Amino acid sequence: MKAIVVEQFGSTEHMKYADVEIPSIRPNQVLIRVVATCVNYADVKARYGNKGQGKLPFIPGLEAAGIVEQVGGEITSFAIGQRVMAFPHHGSYAEYIAADENLTFAIPDTVSFDVAGSCGIVAFLSYKLLADIAKLQNGDKVLVHSASGGVGTTAIQVAKALGAGTIIGTVGNVNKIPTALEAGADHVICYNNEDFAQTVNELTDGKGVPIILDAIGGEVTAQSMKCLSHYGRLVVFGNSSGEYGQLQTSDLHSSCRSVLGFSLGTTRKERPEALKEISAHVLRMLEIEQVKIKISERLPLKEAAKAHQFIESRNSTGKILLYTEHS
């Protein structure tokens, strides 16, 4: 089969479109013929060796959608020919992937492979962050950083579907404001042009917001505490800036505020059953189009390096889809 193989850590020149063996499956796994996969920022970090994965060469990618080609002897939930999406252990930029039964999910006929192949990380993550970690209540105001990206645009929609009140987004470039507004944000702030914490406080009569989703880190995390309301929850789930924010415990106890951390990668490895619990909610939202996945680029698998370059340019909005030649 064809796959993208990272031969050395570093630039995209080390990403090769190569022939590799079709993966063999264990009794608790399914073999999936990939129709579509997508690029996540974590794939870029893995290519640089920032994810601590260590072993070279490797196939990047965290999620894919396709058709079940083979089932292991212990499989009871899936059959050959079934449409599924999955989180494989060993990369998704390939024509075939092996995935554990508990990390594979049947997709409704009304959900396209393009959507299913690009929604797994952003939709599962957004729902988990808002419903389970931040415990969003009806009418809660929400601040979403990186509001024009794949997670950001999805989180805005999931928040609305869960009953959020005012939703405020931040972006790093004014050109990205329309994307966040289109996703459903009520207000969008460019944090490179103005003090977002001050603006959030002005928009909330000085009270701040009870929920903040932060995947940027660094100074953005520190500034977020200035507009987090009493009893508010700041959820940290990434550090795209390359730095972690510095917080003081004095910011927490008397204001009854909380800082919570979450990693979908850790959860896939250590508590995969948590994803099964939310999959029905996520797939239902996609089926009735409460949540629509914005796909900004659709490229053949062999052009994965171009997709990575686009992500790193910081000019991308929404998701970048990779499709296989036999899709």
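Modeller: Let's start with a definition: on a 1 Å grid over the protein atoms alone, a cavity is a set of points where a 1.4 Å probe fits but cannot get out, a pocket is an open set with protein on both sides within 12 Å along at least five of seven lines, and lining residues have an atom within 4 Å of a point. Grid points are joined across faces, edges and corners, and a volume is the space filled by probe spheres set on the points. This is a predicted model, where local features need pLDDT of at least 70 and side-chain atom pairs count only at pLDDT 80 or more, while totals for chains, interfaces and linings use all residues. Residues are numbered from 1 along each chain as its sequence is written, and side-chain values use heavy atoms, leaving out hydrogens and water.

Colleague: OK, so how much space lies in the largest cavity?

Modeller: The count comes to 1 cavity of 30 Å³ or more. Its lining is made of Ala-123, Tyr-127, Thr-154, Val-158, Val-282, Met-285, Leu-286 and Val-291. The space inside is about 40 Å³.

Colleague: Which helix gives the most to the lining of the largest cavity?

Modeller: Helices (DSSP runs of H or I, at least four residues) and strands (E, at least two) are numbered from the N terminus. Helix H2 (113-133), helix H3 (150-161) and helix H8 (273-287) each supply at least two lining residues. With 3 residues, the one that gives the most is H8.

Colleague: And how many residues in that lining are nonpolar?

Modeller: Ala, Val, Leu, Ile, Met, Phe, Trp, Tyr, Cys and Pro count as nonpolar, Asp, Glu, Lys and Arg as charged, and the others, Gly among them, as polar. By that sorting, the largest cavity has no charged residues in its lining and 1 polar one. The nonpolar ones number 7.

Colleague: What about the second largest pocket: what is its volume?

Modeller: That pocket comes to about 220 Å³. It is lined by 15 residues, and the closest to its centre are Met-1, Pro-23, Ile-59, His-90 and Ala-98. Strand S6 (residues 96-100) gives the most to the lining, with 3 residues. So to put a number on it, the volume is about 220 Å³.

Colleague: Back to H3, then. How many of the 12 residues of H3 are buried?

Modeller: Buried means under 20% relative accessible area, exposed over 50%, and partly exposed in between (1.4 Å probe, protein chains only). The buried residues of H3 include Gly-150, Thr-154, Ile-156 and Val-158. H3 is largely enclosed by the rest of the structure, because its buried residues number 9.

Colleague: How far does H3 reach from its first C-alpha to its last?

Modeller: The expected span of a helix is 1.5 Å times one less than its number of residues. For the 12 residues of H3, that gives 16 Å, and the model is close to this. The reach is 17 Å.

Colleague: Which residues does Ser-126 touch, not counting residues up to four places away in sequence?

Modeller: Ser-126 sits in helix H2 and is buried, with a relative accessible area of 0%. Contact means heavy atoms within 4.5 Å. On that rule, Ser-126 touches Val-151, Thr-154, Ala-155 and Val-158.

Colleague: Now salt bridges. How many residues apart in sequence are Asp-114 and Arg-298?

Modeller: A salt bridge is a side-chain nitrogen of Lys or Arg within 4 Å of a carboxyl oxygen of Asp or Glu, and the structure holds 9 of them. Asp-114 and Arg-298 form one, their closest N and O atoms being 2.9 Å apart. Asp-114 lies in helix H2 and Arg-298 in strand S14 (residues 295-300), so the pair ties together parts whose separation in residues is 184.

Colleague: Is Lys-128 buried or exposed?

Modeller: Lys-128 forms a salt bridge with Asp-132, with the closest N and O atoms 3.2 Å apart. The two are 4 residues apart in helix H2, so about one helical turn separates them. Asp-132 counts as partly exposed at 28% relative accessibility. Lys-128, at a relative accessible area of 12%, is buried.

Colleague: Last one: which residue forms a cis peptide bond with Leu-56?

Modeller: Most residues other than glycine have a negative phi, and most peptide bonds are trans. Glu-289 has a positive phi of about 60° although it is not a glycine, and it lies in the loop between H8 and S14. As for the cis bond, omega is about -10°, and the partner of Leu-56 is Pro-57.
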